[in-house]
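Reader: I have the model open. Can we go through the helix packing first, and then the empty spaces?

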Amino acid sequence: MSDSETIAAGYAFTGPALDLGALLWDGACLPDAQIRIPLPMLNRHGLVAGATGTGKTKTLQLIAEQLSAQGVPVFLADVKGDVSGISAPGVPNDKVAGRAAEVKQQWTATGFPAEFYALGGIGHGIPVRATITGFGPVLLSKVLQLNQTQEQSLGLIFHYADTKGLELIDLKDLRAVVTFLTSDEGKPELKNIGGLSTATAGVILRSLTAFEAQGMADFFGEPDFDTSELLRTAPDGRGTVSVLELPAVQDRPQLFSTFLMWMLADLFHDLPEVGDAEKPKLVFFFDEAHLLFNDASKAFLDSITQTVRLIRSKGVGVFFVTQTPKDVPGDVLAQLGNRVQHALRAFTPDDQKALKATVKTFPNSSYDLEEILTGLGTGEAVVTVLSENGAPTPVAVTRLRAPESLMGPIDAATLDAAVKSSSLYGRYAQAVDRESAYEKLTTAERQSAPETSKAAKQSPKSAKEDESMVQQVVGSGMFKSLARSVGTQIGREITRSLFGTARRKR
């Protein structure tokens, strides 16, 4: 058996699979040697990598289409704004027809069921928001770019708010709690929070104030997005493709990458264990993945690694999309069983080092991968996946199929119409600002002010009359009333997950 026949045999799966394209060997495309990914292996995670302009987005579109067709919901982060076309049929042309003929593809123009989302409603899409409590201190520390000590201190502030019944819904709630703890009246209470200094709390407060001044308040609040919406299927049985439109927040990379991690973490601690299923419940594509790992604390990276490792058993596959494998930490990279590597550039010494490192991450093959990876054309890639028995397949240089949906964005009017006609629009479109920490602390301060003024006029002062504002606030009827509230989690800390996000029951 020749080398090309051995490679082709490694992809001859018997069960349901996604078709990626045809094998390239000695410069020739072999249409009968189809390169595929077994459908049950899509929850073993993957990596789509390659330099800018090599076709990564089209690869995502190709995989997403076939997952949807097989009833698997898909989540796509649309950073550049060119994935919305997945909802519309593609446009036939000579280039598409030529590619289809080369790889033995029966190409049919097809649109797929899609929902469009936007962070905080900035841009086109159904607004996606999270409460501060739901987001949690670990992820918020990443957004605020806090160091490890400050991250731990923020966790203590969350603990304080949880135990005192101060719901952290939006940024002004958290800012109110930190302002209170750093005030003269709140400093005695601050001393009771182990390990939290006034100076560190002040740094956190300044970070919050600067963050809010940059217009970030819209992303936090209610109604908070229920990530189970991402698991929906269309009436015809096809999986819904959830497209998070991110062009409007491209200048806030820390924010959108961390929001994506929040979505994944929220799914992780709410989904039941399913083990090895016939097909995934959801495949989640994490675009611009390097932004997630940049300047991340060890605790944050450990949490990502554990989430990726364990979410597989809950039926969720995660594909990280970035330029080179070195953008992804080794412990995470080790969890990614499926690889689609587009062309790499080797113009600088750093590029050459990255190229050599990428080659080492592939199984041994008969290809000269250093030469291959710098010579691949657009829409070509080096592929290795997990076979039906979980073993890596042979490395295969592949000419990829053409997506059947529109390769480009749909127009703004069509997108807006799709958003407003969605059954989810009425649920999430309008922001809600209910009573939470900010309002409660403000009310308690107003109520205590007359008592403080009255006590100041009395002489001599008794211990009771000299009660500090923080004692008045914490011991006020407002807190006692909250403790009796039905359905609230007062008097006990909110149960938090791996990332410090608040657990919620569907």
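Author: A term first: axes are lines fitted to C-alpha atoms, for helices over the stretch in contact, and angles run from 0 to 180 degrees between N-to-C directions. Helices (H or I, at least four residues) and strands (E, at least two) are DSSP runs, numbered from the N terminus. This is a predicted model, where local features need pLDDT of at least 70, side-chain atom pairs count only at pLDDT 80 or more, and totals for chains, interfaces and linings use all residues. Residues are numbered from 1 along each chain as its sequence is written, and side-chain values use heavy atoms, with hydrogens and water left out.

Reader: OK. At what angle do the axes of helix 7 and helix 9 cross?

Author: Roughly 150 degrees, and the axes of helix 7 (residues 171–182) and helix 9 (residues 198–213) come within 9 Å. Helix 7 is therefore roughly antiparallel to helix 9, a label for angles over 145 degrees.

Reader: Which residues of helix 7 and helix 9 make the contact?

Author: Contact means heavy atoms within 4.5 Å. Helix 7 contributes L171, K172, L174, R175, V178, T179 and T182, while helix 9 contributes T198, A201, G202, L205, L208, T209, F211 and E212.

Reader: Switching to empty space. How many cavities of 30 Å³ or more does a search of the whole structure find?

Author: One. On a 1 Å grid over the protein atoms alone, a cavity is a set of points where a 1.4 Å probe fits but cannot get out; a pocket is an open set with protein on both sides within 12 Å along at least five of seven lines; lining residues have an atom within 4 Å of a point. Grid points are joined across faces, edges and corners, and a volume is the space filled by probe spheres set on the points. The largest cavity holds about 40 Å³.

Reader: What lines the largest cavity?

Author: T57, L60, L76, A77, D78, V79, K80, D82, V83 and D287. Strand 4 gives the largest share of that lining, three residues.

Reader: And the second largest pocket: how much space lies in it?

Author: About 350 Å³. Its lining has 16 residues, with K58, K95, R99, G379 and M407 nearest the centre. Helix 2 (56–69) and helix 3 (94–103) each supply at least two of the lining residues.

Reader: Backbone oddities, then. Which residues does a cis peptide bond join?

Author: E222 and P223, with omega about 0 degrees. P223 sits in the loop between helix 9 and strand 7 (241–245). Also, H45 has a positive phi of about 70 degrees although it is not a glycine.

Methods
Parallel < 35°, antiparallel > 145°, perpendicular 65-115°, else oblique.
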